[in-house]
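Biologist: Before we discuss the assignments, please show me the sequence and the structure. I should then like to ask on what grounds each term is applied.

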Amino acid sequence: MGEASQTLGRWSLSRRLVTAFVAFATLLAVLSLVIGVSLYRLQVATHDRVERYGPALLETETLARAYSDQETGLRGFLVAGRVDFLQPYTDGRAAEAASLAHLETLLALRPDLLRRLAAVRREAGAWDQQVAAPAIARVKSGGAVSISLAEVEAGKQRFDRVRAALAGLQTPVRATRDRATRQLTDNETFLLTVLVLALVGLVIVAWLVWIGLRRWVTLPLQRLGAEVDRVEGGDLSRRVTVTDAPSDIVALAEQVELMRGRILHEYALAEAAGREATEARALVEEQAQDLRRSNAELEQFAYVASHDLQEPLRKVASFCQLIERRYKGQLDERGEQYIEFAVDGAKRMQQLINDLLTFSRVGRAGEDFQEVRLEVVLAQAVRQLDLMLAEGGATVTHDPLPVVRGDQSLLVQLLQNLIGNGVKFRGDDPPRVHLSAAPSSEDPTVWELSCTDNGIGIDEQYQEKIFVIFQRLHGRDAYDGTGIGLAMCKKIVEYHGGRLWLDTSPRSNGDTAGAVFRWTLPVVGAAPKILTSHSTGDEHR
């Protein structure tokens, strides 16, 4: 018994359920077979009782009445001699023929009863031929006085033989009907007993299934759940084990135990990482404090340096210009050239210091953004570039521009630098600069703006280099400037929470000349807002 229980314990849940299902299906098949046989026997007994021998017994009684009508009608006719008294005899003959035909159909499967029915038919035929037909003929020809009472009595005795033959048929038919009735009752009782036993068996099977599921599924899973709850409650050191359960539930418990081990390991790693993160955060805070102090010192240094350096530079430039005017014509060509180089260098150094100071001040005032109409910003930038645009014969166009949140002065400087670059790095054709804006297809919370020109363009390999401070793609003899403009534009856009990049993808209109700069700015409110008071054809020169 213990070995069988141990063998069952190694069975998986699916194997146990399959075994239980096969046993239940076998029991159900046996019950179905027994019930089917019982129903068939009940059907046969019902057919014999209701549709064969019950109607056959009734038909023998109908045949008895038909013979009785014939005998009564014949006797009345013989006594009275009136032809209308023969009507019962005639009706009885017709009823006899119908009853005999019906009985032959009902008793077709019983040769012994068919023989008794044939005997009835012979006796009735003999009475009709030997007694009834001759008597009717004599009375019709000679009247009622032609038949004596002795002949009538003899005909009555001859008819008793028909009654005896009919009784010999009715007795076995009644016995057969009674036997079919008993079989019907017995089959009904047997079927009811089988159904009751089947119901009891199904209840027992359902109870056994419930017991099996409780022992095989519910209780093991409850034990496993209790183990998992303890682990979930923080007792990570408790091993998860389940015994006396199907093999697959035991395997599930083992997988949970492996998961507990991994969680314990990960928890240890997480604690170590937390300690390292705390230490790193403290280090970062310390470094951030040092960085803030260093930035403050650098900002102060930049301000002092820019302020203190500009004064000697102005003196150098002023004294060089005084020397140039004082000794003009007294120095040779090389000396005058040296003085010109000194003045130009001082001016460029002064411009570089101003640009550096402006670059360092971007974002220093803190975020104090307001709603800014970019069309107003564009108009202000164009006004500040008016002389440059007029000298270069440049055209600036734009699509409707949105309202954004930002620093208006920084945004003016952004557009001024981008438009100025489009005019400065021009090609053979008159400069054309176009600005447009549309909601971003990737992020509906930002606007995507662009500045397109028809200048000399920028090679794709320099798309990152151009945003680095002091990086120049051309010599100072070709294009003036300090190489800080695009770096400042990128810093301004990032200060507003956007990004700036050079678009090197093919254009939809097929144009390859010039450069396209794109940048993003956050929208105002939950939905984009576009001002449509200016048409696409607005121009500034």
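**Terms and their grounds**

Modeller: In this predicted model, the buried residues of helix α10 are Leu410, Leu411, Val412, Leu414, Leu415, Asn417, Leu418, Ile419, Gly420, Asn421, Gly422 and Val423.

Biologist: What makes α10 largely enclosed by the rest of the structure?

Modeller: The count of buried residues decides it: 12 of the 17 residues of α10 are buried, so the helix is largely enclosed. Residues 408-424 make up α10, and the distance from its first C-alpha to its last is 24 Å, close to the 24 Å expected at 1.5 Å a residue.

Biologist: How do you know that Leu117 is buried or exposed?

Modeller: Buried means under 20% relative accessible area. Leu117 has 2%, so it is buried. This residue belongs to helix α4, residues 111-142.

Biologist: Which residues is Leu117 in contact with, leaving aside its neighbours within four places in sequence?

Modeller: With those neighbours set aside, Leu117 is in contact with Leu100, Leu103, Glu104 and Leu169. In addition, a C-alpha separation of 8.9 Å is found between Leu117 and Gly168, which are 51 residues apart along the chain.

Biologist: Why does Ile204 count as partly exposed?

Modeller: Partly exposed covers the range between the buried limit of 20% and the exposed limit of 50%. Ile204 has 45% relative accessibility, so it counts as partly exposed. Its place is in helix α5, residues 149-232. Ile204 also contributes to a nonpolar surface patch with Leu192, Val196, Val200, Trp207, Leu208 and Trp210; together these residues have about 730 Å² of accessible area.

Biologist: Why is the contact between Arg158 and Glu123 called a salt bridge?

Modeller: Side chains of opposite charge can pair when their charged atoms come close. The term requires a side-chain nitrogen of Lys or Arg within 4 Å of a carboxyl oxygen of Asp or Glu. For Arg158 and Glu123 the N to O distance is 3.2 Å, so the pair meets that cut-off. The two residues link distant parts of the chain, with Arg158 in helix α5 and Glu123 in helix α4, 35 residues apart. Both Arg158 and Glu123 are buried.

Biologist: What makes Arg518 and Glu448 a salt bridge?

Modeller: Their closest N and O atoms are 3.7 Å apart, and the limit is 4 Å, so the pair qualifies. This pair too links distant parts of the chain: Arg518 is in strand β7 and Glu448 in strand β5, 70 residues apart. Arg518 has a relative accessible area of 23% and is therefore partly exposed. Glu448, at 27%, is therefore partly exposed as well.

Biologist: What is the N to O distance in the salt bridge of Arg518 and Asp503?

Modeller: The distance is 2.5 Å. Arg518 lies in β7 and Asp503 in the loop between β6 (500-502) and β7, so the pair ties together parts that are 15 residues apart in sequence. Elsewhere, Arg93, Glu96 and Asp128 are linked in a network of salt bridges. The structure holds 10 salt bridges.

Biologist: How do you know that β4 pairs with β2 and with β5?

Modeller: Pairing requires at least two bridges between two strands. Strands β2 (residues 395-398) and β4 (residues 432-439) run parallel and are joined by 4 bridges, so they satisfy that condition. Within this pairing, Thr397 has His434 in β4 as its bridge partner. Between β4 and β5 (residues 446-453) there are 7 bridges, and these strands run antiparallel. Ala438 stands opposite Glu448 in β5, and a hairpin of 6 residues joins β4 to β5.

Biologist: Why does Thr520 count as buried?

Modeller: The limit is under 20%, and Thr520 has 10% relative accessibility, so it counts as buried. It is located in strand β7, residues 516-522. Not counting residues up to four places away in sequence, Thr520 touches Val446, Trp447, Glu448, Val493, Gly498, Arg499 and Trp501.

Biologist: How many helices and strands are in the protein, and what share of its residues is buried?

Modeller: The protein has 11 helices and 8 strands, and 32% of its 541 residues count as buried. About 32,800 Å² is exposed, of which carbon and sulfur atoms supply 56%. Of the contacts with a separation of 6 or more, 73% are between residues 24 or more positions apart.

Key. Residues numbered from 1 in each chain as written. Predicted model: local features only at pLDDT ≥ 70, side-chain atom pairs only at ≥ 80, totals over all residues. Heavy atoms only, no water. Expected span 1.5 Å × (residues − 1). Buried < 20%, exposed > 50% of the residue type's maximum accessible area, 1.4 Å probe, protein only. Contact = heavy atoms within 4.5 Å. Areas by Shrake-Rupley, 256 points an atom, 1.4 Å probe, with all protein chains shown as cover. Patch = residues over 30% accessible without salt bridge, like charges linked within 9 Å, V, L, I, M, F, W, Y side chains within 5 Å.
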